[in-house]
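The exercises below ask the reader to work from the model itself, taking each solution one step at a time. Please look over the sequence and the structure before starting.

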Amino acid sequence: HSNKEMWFQDFFPPNVCPIDAKANTFYGIMFDAGSTGTRIHIYTFVQKSPENLPELEGEIFESVKPGLSAYADQPEKGAETVKRLLDMAIDAVPPHLWKKTPVVLKATAGLRLLSEEKAQALLLEVREVFQESPFLVPEDSVSIMDGSYEGVLAWITVNFLTGQLSGQNQHTVGTLDLGGASTQITFLPRFEETLKETPGDFLTSFEMFNSTYKLYTHSYLGFGLKAARLATLGALNVEAVDGQMFRSSCLPKQLEAEWHFGGVKYRYGGNKEGETGFKPCYLEVLKVVKGKLHQPDEIRGSSFYAFSYYYDRAVDTNLIDYEEGGVLEVKDFERKAKEVCDNMERYNSASPFLCMDLTYIAALLKEGFGFRDNTLLQLTKKVNNIETSWTLGATFHLLQSLGITY
Ligand SMILES: O=c1[nH]cnc2c1ncn2[C@@H]1O[C@H](COP(=O)(O)OP(=O)(O)O)[C@@H](O)[C@H]1O
Ligand SMILES: [Ca+2]
């Protein structure tokens, strides 16, 4: 390390160093342009000694709704939401470090589903916001992320935060992310069999912290929670949705309402005359997932970390505590789905989609991925006060590629 600010460390043992470690603080700014919202993660790192890896010290997190894709026809307004979040970083990062602090935005499934033209117009406006900011803007700093990276980077985040990527005994954990428009499953296969049975495009090699990991990962576009609502309603990929009424047995009988997603307005409602409740709902949802996903044998018995909408819906139905998270079995989601779907009047103050969402999660886990009823899920929002999001893995990767660290 040729960092001049570090000269004093040669004279003092680290624990009595007279100058605050803050001298060696640096920052990384990562935007998550998700289908339902845009989020900024400002990470703080401290390089405590030149020979050790920098340590993650903290995170500042803020989010806005809706996501960029809702501004498909007003890209400037979309970029304005990014600018407002970036103003937070101007306050958070000391001015003398602005020029050294990289800023990157990666968009996920919301933009993947837009037309190329509309997506590019949004990214162009965001690029301008970045160029006008005082931060370090690396090449290709605004892009749509490849789905396979989304899973890999979330896996890196969770396994880093739980201490599995350092030391000798690495017992890595698999991760499940359920977004609005897409969903990811990622794990490190332990059996040779799994590698043999898995299609090549489900395997990705990734280098991080001087190790190479060959991961099983896949992002299913259109299988996020909100996309699944549309698929269940039969409204996904329908050209002229205007005026059409989409009905489902997963919704309260008398319900009729409107819903905006990805810049499109949908009318939806309950089965006024027909059936409602868990049984018909499960059959409806099953059509969306059955036989559509690859089922690796290896995962049936192993436990996974689950976050995003898995977490949110478990909180909404008191399966877990919002702050604490918790451990659930796959069958807990099915039990809750039955309870909600068969008593929709009792739950009508919550989202009208609660029955459909829980039923979808149960079906996705069991019939989609092929998990057993008693497979354990560790529901986690934060580890050591850091959000379990692909953005941390992406920031490590960014710092590594810029040669700033790692
Ligand atoms: O930093 C985060 N920490 C925890 N959950 C997050 C974070 N960012 C997004 N989420 C969750 O992601 C879900 C929404 O998915 P998103 O909008 O990212 O769609 P996408 O991944 O399909 O593009 C919500 O459950 C939201 O709570
Ligand atoms: Ca996401």
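**Exercise 1: an exposed loop residue**

E323 is placed in the loop between α8 and β14 (326–329), where helices (H or I, at least four residues) and strands (E, at least two) are DSSP runs numbered from the N terminus. Residues are numbered from 1 along each chain as its sequence is written, while chains are lettered from A and ligands numbered from 1 in the order in which they are written. This is a predicted model, in which local features need pLDDT of at least 70, side-chain atom pairs count only at pLDDT 80 or more, and totals for chains, interfaces and linings use all residues.

Task: decide whether E323 is buried or exposed, and state how far apart E323 and T380 are in sequence and in space.

Solution. Begin with the criterion: a residue is buried if 20 or more other C-beta atoms lie within 10 Å of its own, exposed if 12 or fewer, and partly exposed in between, with C-beta atoms placed from the backbone. E323 has 8 C-beta neighbours inside 10 Å and therefore counts as exposed. As for the second part, E323 and T380 are 57 residues apart in sequence, and their C-alpha atoms are 9.2 Å apart in space.

**Exercise 2: confidence**

Task: state what average pLDDT the protein has, and find where the pLDDT is below 50.

Solution. The pLDDT, which is the predictor's confidence in each residue from 0 to 100, averages 91 for the protein, and 94% of the residues score at least 70. Over residues 1–21 the pLDDT is below 50, although this stretch has 17 contacts in the model beyond near neighbours in sequence; two residues are in contact if their C-beta atoms, placed from the backbone, lie within 7 Å. The scores for the model are ipTM 0.96 and pTM 0.92.

**Exercise 3: annotated residues**

Task: locate E150, S182 and Q184 in the secondary structure, and explain why S182 counts as buried.

Solution. Start with the record: an unreviewed UniProt entry lists G180, A181, S182, T183 and Q184 under "binding site", and its "active site" annotation, likewise from an unreviewed entry, covers E150. UniProt positions are given in the numbering used here, feature names are shortened, and annotations may be inferred rather than shown by experiment.

Next, place the residues: S182 lies in strand β7 (residues 182–187), Q184 lies in β7, and E150 is in helix α4 (residues 147–161).

Then count neighbours within 10 Å. S182 is buried because 26 other C-beta atoms lie within that distance; Q184, with 28, counts as buried, and E150 is buried with 25.

Finally, list contacts, leaving aside residues up to four places away in sequence. S182 contacts T108, A109, G147, S219, Y220, L221, F223 and G224. Q184 touches E150, G151, A154, D177, T217, H218 and S219, and E150 is in contact with T108, M145, Q184, S219 and W390.

**Exercise 4: the domains and ligand 1**

Task: describe how domain 1 and domain 2 meet, and which residues come nearest to ligand 1.

Solution. The domain assignment, which is automatic or taken from a database, gives domain 1 (4–145) and domain 2 (147–386). Their centres, taken over C-alpha atoms, are separated by 28 Å, and 15 residues of domain 1 are in contact with 12 residues of domain 2. On the side of domain 1 that touches domain 2, β3 and α2 each supply at least two residues, and α2 gives the most, with three.

Turning to the ligand, 22 residues surround ligand 1, of which G34, S35, T36, T108 and G179 come nearest; a residue is near a molecule if its C-beta atom, placed from the backbone, lies within 6 Å of it. The elements giving two or more residues to this shell are α2 (109–112), β13 (304–308) and α8 (309–316). Domain 1 and domain 2 each provide at least three of the shell residues.

**Exercise 5: backbone geometry**

Task: find which peptide bond is cis at P66, and state the sign of phi at N210.

Solution. The bond from K65 to P66 is cis, with omega near -5°, and P66 is in the loop between β3 (55–64) and α1 (75–92). N210, in the loop between β8 (203–208) and β9 (211–221), has a positive phi near 65°. Most residues other than glycine have a negative phi, and most peptide bonds are trans.
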